Amino acid sequence: MAALTSLAYNIGIANFMNSTLLKKVNANPNDESIFIEFCKWNKVNKVEVSGLTKRRNLEAINYFNN
């Protein structure tokens, strides 16, 4: 839950509520493709940011380890 809260706070509630990630979590919280969905939120103005990539990877790991 903490990983989802962190992501929602950082990308905004509207973006989170409309995300494929949330749809997958609601359909099957154990779906391994959720990891990939976390990692898609690593860009600013369509440019990948290494700090966001690291953060999203950690959030995805945290999601599956709790």
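These legends walk you through a few views of one predicted model.

**View 1. The fold of the chain, element by element.** Welcome to the chain, which holds five helices and two strands. Starting at the N terminus, you meet the elements in the order α-α-α-α-β-β-α. The radius of gyration is 11 Å, close to the 11 Å that the globule rule gives for 66 residues, so the chain is as compact as a globular protein of that length.

**View 2. The outline and the surface of the chain.** Along the principal axes, the C-alpha atoms fill a box of roughly 30 × 25 × 20 Å. The accessible surface of the chain comes to about 4,500 Å², and carbon and sulfur atoms account for 57% of that surface. Of the 66 residues, 29% are buried.

**View 3. Contacts and charges across the chain.** Take the contacts between residues at least 6 apart in sequence: 49% of these join residues at least 24 apart. As for charge, the chain carries 8 positive and 5 negative side chains. The centres of these two sets lie 7 Å apart.

**View 4. A close-up of Glu-37 in helix H4.** Here we zoom in on Glu-37, found in helix H4, which covers residues 34-39. Is Glu-37 buried or exposed? Its relative accessibility is 7%, and buried means under 20%, so Glu-37 counts as buried.

**View 5. The neighbours of Glu-37.** Which residues does Glu-37 touch, not counting those up to four places away in sequence? They are Thr-20, Leu-21 and Lys-24. Look for these three residues around Glu-37, the buried residue of helix H4 shown in the previous view.

Terms used
Residues numbered from 1 in each chain as written. Predicted model: local features only at pLDDT ≥ 70, side-chain atom pairs only at ≥ 80, totals over all residues. Heavy atoms only, no water. Helix = DSSP H or I, 4+ residues; strand = E, 2+ residues; numbered from the N terminus. Rg over C-alpha atoms; globule rule 2.2 N^0.38 Å. Buried < 20%, exposed > 50% of the residue type's maximum accessible area, 1.4 Å probe, protein only. Contact = heavy atoms within 4.5 Å. Areas by Shrake-Rupley, 256 points an atom, 1.4 Å probe, with all protein chains shown as cover. Lys, Arg positive; Asp, Glu negative; His and termini not counted. Charge placed at Lys NZ, Arg CZ, Asp CG, Glu CD.
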